[in-house]
Amino acid sequence: MLLGLFSLLLFQLIGETIARGSGLPIPGPVIGFVLLAVALAASPGLRREVDPVAAGLLRYLSLLFVPAAVGVIQQWGLLRVAAVPIVAALLVSTWAALIVTALVFRFVSTRLGLSGPDGEAR
Amino acid sequence: MDGVFRLWVYLSASPLLWLTVTLGAYALADRIALAARYAPIANPVVIAVALIALLLHLTGTGYPTYFAGAQFVHFLLGPATVALAVPLVREAARVRRLILPVLAALLAGSLTAIVTAVGTGWALGADRAILMSLAPKSATTPIAMSIASANGGVPALAAVFVVVTGVIGAMSVTPLMNRLGLKDYAARGFAAGLAAGGIGTARAFQVNPLAGTFAGLGLALNGLATALLVPLLLTLWR
């Protein structure tokens with residue numbers, strides 16, 4: 001458990017170091033996520049340690065967005081500069097992206113025979 | 001009365017109070033969401049934020065004071081992002097089998113998110129700074145802020161758009177997918193993570209573990225895709 005938490009922080013630290021060092025526009029935690037996936041695939045021992053910590057963190061993922069989202073409410077005034085185009089763009093684009101992503105996923109997986117007759121992936 | 005006032009002065013400036021409030025508000029919000037059987041409209045992030053914002057307003061507390069306490073929760077976003085690798089590796093066989101649908105949906109979805117956001121804003125007369133802040137709105141916050149600032153957008157505005165996009169996506173993904181008759185939780189989750197980032201991913205984990213796994217993948221891949229596609233599209237446009 002302790003080793004699991006240590007590993008998550010260590011991989012984030014490595015990710016941050018690579019992100020800063022390389023100047024790539026990719027956040028450290030995302031690089032840490034990729035590196036941890038590689039390490040976990042290679043080591044079942046590491047998986048046993050990280051599993052319970054990851055499960056605990058991901059169970060409360062919604063909670064972790066609350067402090068930043070409270071900050072957004074305080075910035076509400078920023079939206080007033082062009083409220084109609086902004087709100088319309090956010091609604092249209094989020095819905096369009098959800099629909100297109102899901103439909104293309106289903107279309108390709110059905111074409112390749114990767115999903116069953118009920119549309120559920122096997 | 002003087003004693004109570006001094007206690008308030010002490011507590012309101014200490015990180016302990018606002019950390020406790022954040023956890024308490026979320027616990028209450030989660031109870032409400034559970035009572036509503038996790039209906040999309042009863043999003044725990046939205047409820048918790050509303051409760052906290054109301055309390056901050058009533059007590060005249062500024063965001064910096066609040067964040068001094070809440071930062072301990074905020075800090076865990078980093079390790080939690082790294083932790084998304086765990087369910088991904090657990091489902092490695094399925095992810096490998098579905099790699100072509102994943103990549104096709106990534107390209108189509110990422111392009112759609114960027115082009116429809118900029119296109120709608122442009123058609124309704126938004127200026128360039130707003131358009132460039134809208135372009136990366138489906139990526140995670142740090143990516144969106146750096147893309148916005150590199151292309152003439154406003155980073156603070158981009159951060160606001162990411163959170164609002166996450167909330168819109170988290171609240172509409174379930175009804176939209178049901179309307180489309182889409183039962184595949186890999187596809188539903190991937191769409192939620194790609195289009196609505198971390199808040200969409202949190203919603204996906206609430207609905208189904210497989211959806212959460214693919215949402216985490218969608219979130220990470222779309223961060224990379226957006227960082228590559230926005231500059232590319234801008235070059236083509238000019």
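Let me start at the boundary inside chain B, where between domain 1 of chain B and domain 2 of chain B there is one residue pair in polar contact, with both residues at pLDDT 80 or more. By class, the side of domain 1 of chain B that touches domain 2 of chain B consists of six nonpolar residues and one polar residue, with no charged residues. I should say at once that this is a predicted model.

To place that boundary, chain B is divided into domain 1, covering 2–75, and domain 2, covering 83–237, and the contact between them takes seven residues from domain 1 of chain B and seven residues from domain 2 of chain B. The C-alpha centres of these two domains of chain B lie 28 Å apart. The area buried between domain 1 and domain 2 of chain B is about 660 Å², and carbon and sulfur atoms give 68% of that area. On the domain 1 side of chain B, the residues that lose the most area to domain 2 of chain B are B:Tyr38, B:Pro40 and B:Asn43, which together make up 62% of what that side buries. As for salt bridges across this interface of domain 1 and domain 2 of chain B, the rule finds zero.

Turning to chain B as a whole, we have 13 helices and zero strands. The radius of gyration of chain B is 20 Å, which is close to the 18 Å that the globule rule gives for 238 residues, and so chain B is as compact as a globular protein of that length. Along its principal axes, the C-alpha trace of chain B spans about 65 × 40 × 30 Å.

Now to the partner chain: how many residues of chain B are in contact with chain A? There are 93 of them, in contact with 73 residues of chain A. The area buried between chain B and chain A is about 7200 Å², with carbon and sulfur atoms giving 83% of it.

And which side chains meet in a salt bridge between these chains? The rule finds one salt bridge across the interface of chain B and chain A, and in it the side chains of B:Arg90 and A:Asp51 meet at 3.8 Å, N to O. Between chain B and chain A, five residue pairs are counted in polar contact, again with both residues at pLDDT 80 or more. Helix H11 of chain B, residues 155–180, contributes the largest share of the side that touches chain A, namely 15 residues. By class, that side of chain B has 69 nonpolar, 18 polar and six charged residues.

Methods
Residues are numbered from 1 along each chain as its sequence is written. Chains are lettered from A and ligands numbered from 1 in the order in which they are written. This is a predicted model: local features need pLDDT of at least 70, side-chain atom pairs count only at pLDDT 80 or more; totals for chains, interfaces and linings use all residues. Side-chain values use heavy atoms; hydrogens and water are left out. Domain bounds come from an automatic or database domain assignment. Contact means heavy atoms within 4.5 Å. Buried area is the accessible area (1.4 Å probe) that two parts lose on being put together, summed over both. A salt bridge is a side-chain nitrogen of Lys or Arg within 4 Å of a carboxyl oxygen of Asp or Glu. A polar contact is a pair of N or O atoms within 3.5 Å; within protein, one must be able to donate a hydrogen and the other to accept it, and residues adjacent in sequence count only if both atoms are side-chain atoms. Ala, Val, Leu, Ile, Met, Phe, Trp, Tyr, Cys and Pro count as nonpolar, Asp, Glu, Lys and Arg as charged, and the others, Gly among them, as polar. Helices (H or I, at least four residues) and strands (E, at least two) are DSSP runs, numbered from the N terminus. The radius of gyration is taken over C-alpha atoms; the globule rule is 2.2 Å times the number of residues to the power 0.38.
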